[in-house]
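Here is a walk through one chain, from the overall fold down to a handful of residues. Have the viewer open and follow along.

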Amino acid sequence: MILPIVGYGDPVLRKVGAVIAPDYPNLKETIANMYETMYNAYGVGLAAPQVGMALRLFVIDTTPFSDDEDLDADDQKDLKGFKKTFINAKIIKEEGEEWSFNEGCLSIPDVREDVYRKPTVTIEYCEEDFVMKTEVFDGLIARVIQHEYDHIEGILFTDKISSLKKRLIQKKLKNITEGKTFQEYRMKFAAAKKGR
């Protein structure tokens with residue numbers, strides 16, 4: 001089932017996600033719905049807060065990045081088919097020299113900004129089997145993980161840009177909060193909750 005994506009300004013996007021227990025009701029269905037919602041919106045990642053649930057859960061599939069002709073063949077190969085569910089994730093370490101990449105977010109439509117992140121991430125998480133594992137990721141895969149991880153920590157990519165750039169996009173963010181944006185995918189907005 002395709003879920004509405006929560007727009008910028010909704011308080012759920014600022015909440016730290018709760019840990020998920022193995023007996024969480026309908027978890028498999030929730031994860032399937034999140035993948036379906038992400039694919040419907042042509043995203044490469046989606047976190048539970050973006051669909052209104054303050055949980056430590058996010059899904060990614062970097063396959064769309066594998067078509068980028070600016071990437072070398074090895075990077076394209078790594079990105080193609082990289083699909084993973086992250087439950088109760090905890091970033092252990094971020095390493096390397098920060099690099100810039102133009103990021104966007106399904107919850108913040110029509111806003112893209114360069115964000116600096118470290119290229120390598122060590123993360124502890126489990127998949128649906130609830131067996132904890134620790135893995136190291138780098139490059140664009142690490143970046144997508146870091147972006148989605150921020151969501152489960154109540155952080156948005158716009159928090160990581162300069163104050164000047166924040167001022168320049170202030171009107172766009174206000175419009176999203178008020179639902180004055182149109183997307184090809186379903187969204188719900190903070191202003192609608194207040195009776196607007």
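Is R167 buried or exposed? R167 is exposed, since its relative accessible area is 54% and the cut-off for that label is over 50%. Keep in mind throughout that this is a predicted model.

## R167 and its helix

To find R167, go to helix α4, which covers residues 163-177. I155 sits 12 residues away along the chain from R167, and the two C-alpha atoms are separated by 18 Å.

## The overall fold

Let's zoom out. The chain holds 5 helices and 9 strands, and reading along the sequence gives β-α-β-β-α-β-β-β-β-β-α-α-β-α. Its radius of gyration is 16 Å, close to the 16 Å that the globule rule gives for 196 residues, so the chain is as compact as a globular protein of that length. If you want a box for the C-alpha atoms, roughly 45 × 40 × 30 Å along the principal axes will do.

How much of the chain counts as buried? The figure is 47% of the 196 residues. Among contacts with a separation of 6 or more, 68% are between residues 24 or more positions apart.

## Surface and charge

The accessible surface comes to about 10200 Å², and carbon and sulfur atoms own 50% of that. On the charge side, there are 28 positive and 33 negative charges, and their mean positions lie 9 Å apart.

## A buried spot around T62 and I141

T62 is in the loop between β3 (57-61) and α2 (73-79). Loop or not, T62 is buried, with a relative accessible area of 0%. What does the side chain of T62 reach? The partner is the backbone oxygen of L79, at 2.8 Å. Beyond its neighbours within four places in sequence, T62 is in contact with L79, F82, I141 and V144.

One of those partners, I141, deserves its own look. I141 belongs to helix α3, residues 139-152, and is buried because its relative accessible area of 8% falls under the 20% cut-off. Its contacts, again leaving aside residues within four places in sequence, are T62, D78, L79 and F82. Along the chain, I141 and D61 are 80 residues apart, yet their C-alpha atoms are separated by 9.0 Å.

## Strands β7 and β8

T122 is a residue of strand β7 (residues 120-126) and is buried at 9% relative accessible area. Which residues is T122 in contact with, apart from those within four places in sequence? The list runs K90, I91, I92, K93, E95, T134, E135 and V136.

D138 is in strand β8, whose range is 133-138. At 49% relative accessibility D138 counts as partly exposed; the exposed label would need over 50%. D138 touches P119 and T120, with residues up to four places away in sequence not counted. D138 and V121 are 17 residues apart in sequence, with 6.2 Å between their C-alpha atoms.

## A polar contact between K28 and E128

Which side chain does the side chain of K28 make a polar contact with? The partner is the side chain of E128, at 3.2 Å. These two are 100 residues apart in sequence, while their C-alpha atoms are 7.6 Å apart in space. K28 itself is in helix α1 and is exposed, with a relative accessible area of 61%.

## Two positive phi values

Most residues other than glycine have a negative phi. Two residues here are worth checking against that background.

Where is Y42 found? Y42 is in the loop between α1 (27-40) and β2 (45-47). The phi of Y42 is near 60°, a positive value in a residue other than glycine. Y42 is also exposed, at 73% relative accessible area. F130 is the other case: its phi is near 60°, also positive and also not in a glycine. F130 lies in the loop between β7 and β8 (133-138).

Notes
Residues numbered from 1 in each chain as written. Predicted model: local features only at pLDDT ≥ 70, side-chain atom pairs only at ≥ 80, totals over all residues. Heavy atoms only, no water. Helix = DSSP H or I, 4+ residues; strand = E, 2+ residues; numbered from the N terminus. Rg over C-alpha atoms; globule rule 2.2 N^0.38 Å. Buried < 20%, exposed > 50% of the residue type's maximum accessible area, 1.4 Å probe, protein only. Contact = heavy atoms within 4.5 Å. Areas by Shrake-Rupley, 256 points an atom, 1.4 Å probe, with all protein chains shown as cover. Lys, Arg positive; Asp, Glu negative; His and termini not counted. Charge placed at Lys NZ, Arg CZ, Asp CG, Glu CD. Polar contact = N/O pair within 3.5 Å; in protein donor to acceptor, adjacent residues only side chain to side chain.
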